[in-house]
Amino acid sequence: MSSGVQGAPSTWESQRSFDELGRPLRDITFCVVDLETTGGSAAGGSMITEIGAVKVRGGEVLGEFQTLVNPRSEIPAFIAVLTGITNSMVSDAPPIESALPAFLEFAAGTVLVAHNAPFDVGFLKHFNEQQGRAWPTFEVLDTAKLARRVITRDDAPNCKLSSLAKVFNSTTTPNHRALSDARATVDVLHGLMERLGGLGVHTIEELQTFSARVSTAQRRKRHLAETLPHKPGVYLFRDDRSRVLYVGTSRDLRTRVRSYFTASETRSRMGEMVGLASTVTGIECATALEAEVRELRLIAEHKPRYNRRSRFPEKVHFIKLTREPWPRLSLVRRVLADEADYLGPFSSKKTAEKCLAALHETFPVRQCADRLAIQPSRAACVLAEMGRCLAPCDGSVDATTYAAVVRQLRDTLLRRPDEVVEAINVRMAALAADERFEEAGIHRDRLASFIRAAARTQRLSALTGCPEVVAARREDDGRWAVHVIRHGRLAAAGIIPPGADAHQYVVELRASAETVTGAPGPVPAATAEETEKVLRWLESPGVRLVEVDGEWTCPVAGATRHLALHDAVNQSRLSLVPFEDRRDLSPVHQPAR
């Protein structure tokens, strides 16, 4: 559900200073504006004929602004009848080129308020752009949108300005003149604030995120956030038995947690969770990456019932190329120290099976599950009769030939996916030529599963094979964030203090970092999700490598170079699938931070 305020950035995307957090409404200067125009669309040629505005703070009127505007065109008769503004009245009025800069100077540093703000602000922005000026970074409050969250049908039949003015006993009756309507909107604004104050809304941030879907019981628990700092970190909601209900992360712990009680969180599951919560614990983190990693680890440890994602990182699958006289591909749940090669991890067994099918279609290695003697002697299976297996079981292939196929398969898994890509592309082309599009689609999905798995394995293995990587990046506040990564696991994180010796700080951070031992497989020391978060940070703009122990490289001809094509195909498919048919599509979670 959208809020009544538009244009304010979330604290996750734009970390605010302490002074900007929790600004009381009584300290905010509002500029309530109303326009009269010749029509409903600035882009369609309609012009502004009058601007009226009232500046208020703490219930006190600080000033008023009013000017007619010469539209340089005839005012339609029905508009003149509605507003009372005639052509003769505006003939000597200043043009918009003079009126708009004067208004923007009057409104500077305020929160803009309008009833149906997209209309009024849209006109102002349109002509400001026409005049070649940058639009000031106003926060905007729409009293019409806010009223729809507060006013019931028992209060008023609708949320028109005239109806709301009656509800709140406005001293000014709206009459389609800009200043009068702005004065009436001031009274409506104060009336709405009075009602919201009774619901625990006392700051502009709470007003920005207000939703009537948040219950009074939820709002009463907002004191649980007051002990948390305005720092980045992880927060844990617990019930009265100290069981963890939910784990989240934010750049500002207090502001984010307070939003659960004051309105921005309107998901029914979260409302239920807040109803059960008795305490909220915050864990401060030096950097945003450390917070994200701690969140993953805590979710995996506690498996909170209200976290949908990342609860079971251990439920993964791998494709294993076995080490035995006659190697085969096998679907397994864990990686062993057996010198075998592994592809994965796969979070879905179905996806792993698609990938396995793509490999078997390209390489005719045996698919039987038991071990074969060095010199087997038994009957061939059906796959051999179909030409899909080299059939070492009945001596149809010698060890040298079979080993050569296995080497190609291993090279495909670890370095070059070209064999699988070419084989399946040829197969898809043949099926498409025969108009067997459904079968071609099956092969396309198998190829995509393989490409993604191979690219993931190659990227993960490249980092997890390094005993240590130390990297730094200058953050938005000018300070340097430093991370120590060992075998793909975040071992330490810190921010170099202003004026400190950077080299010495890094030395001390490395000395205090977690000891991490290597292990076999693409993700030996952390979950795949953690290592991928670390990789995304390492690959982000501005990161500088301080120290690399080992070789952090990915194959030039690896699977990653094929990803863009398959991702583009997938996005194209999604845009063509009717919404009701998207049974396999999951919503993207975008928490407000």
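Two strands count as paired if DSSP finds at least two bridges between them. Keep that rule at hand for these exercises on a predicted model.

**Exercise 1. Strands side by side**

Task: Find how many bridges join β14 to β15, and work out which strands stand at the edges of their sheet.

Solution:
- Step 1. Start with β14, residues 480-486: 6 bridges join this strand to β15, and the two run antiparallel. The rule asks for at least two bridges, so β14 and β15 are paired.
- Step 2. Pick out one position: Val482 stands opposite Gly494 in β15.
- Step 3. Now take in the whole open sheet, where 4 strands follow the order β15-β14-β13-β16 with antiparallel pairing.
- Step 4. Look at the two ends of that order. β15 (489-495) and β16 (544-549) each have a single partner strand, so one side of each has no neighbour in the sheet.
- Step 5. Add the twist, which averages 15° from one strand to the next.
- Step 6. Finally, look for a helix: α12 (residues 288-302) packs on the sheet and touches β14 and β15. The direction of α12 makes about 140° with that of β15.

**Exercise 2. Buried or exposed?**

Task: Decide whether Ser449 is buried or exposed, then do the same for Pro541.

Solution:
- Step 1. Locate Ser449 in helix α17, residues 437-464.
- Step 2. Compare with the cut-off: buried means under 20% relative accessible area. Ser449 has 10%, so this residue is buried.
- Step 3. See what surrounds Ser449: leaving aside residues up to four places away in sequence, it touches Phe346, Thr351, Lys354 and Cys355.
- Step 4. Move to Pro541, in the loop between α19 (528-538) and β16. Exposed means over 50%; Pro541 has a relative accessible area of 74%, so it is exposed.
- Step 5. Check a distance, C-alpha to C-alpha: Pro541 and Arg474 are 9.9 Å apart in space, while 67 residues separate them in sequence.

**Exercise 3. Inside the core**

Task: Name the residues that touch the most other members of the largest nonpolar core, and find which element gives the largest share.

Solution:
- Step 1. This core has 34 residues, and Leu343, Leu359 and Phe450 touch the most other members.
- Step 2. Elements giving two or more residues include β10 (317-321), β12 (341-346) and α13 (349-362). The largest share, 6 residues, comes from α17.
- Step 3. Follow Leu359: among the residues it touches are Ile319, Leu343, Leu409 and Phe450.
- Step 4. Then look elsewhere for a second, separate core of 29 residues, which includes Leu146, Val150, Cys159 and Val186.

Conventions
Residues numbered from 1 in each chain as written. Predicted model: local features only at pLDDT ≥ 70, side-chain atom pairs only at ≥ 80, totals over all residues. Heavy atoms only, no water. Axes fitted to C-alpha atoms, helices over the stretch in contact; angles between N-to-C directions. Contact = heavy atoms within 4.5 Å. Buried < 20%, exposed > 50% of the residue type's maximum accessible area, 1.4 Å probe, protein only. Core = buried A, V, L, I, M, F, W, Y, C linked by side-chain atoms within 4.5 Å.
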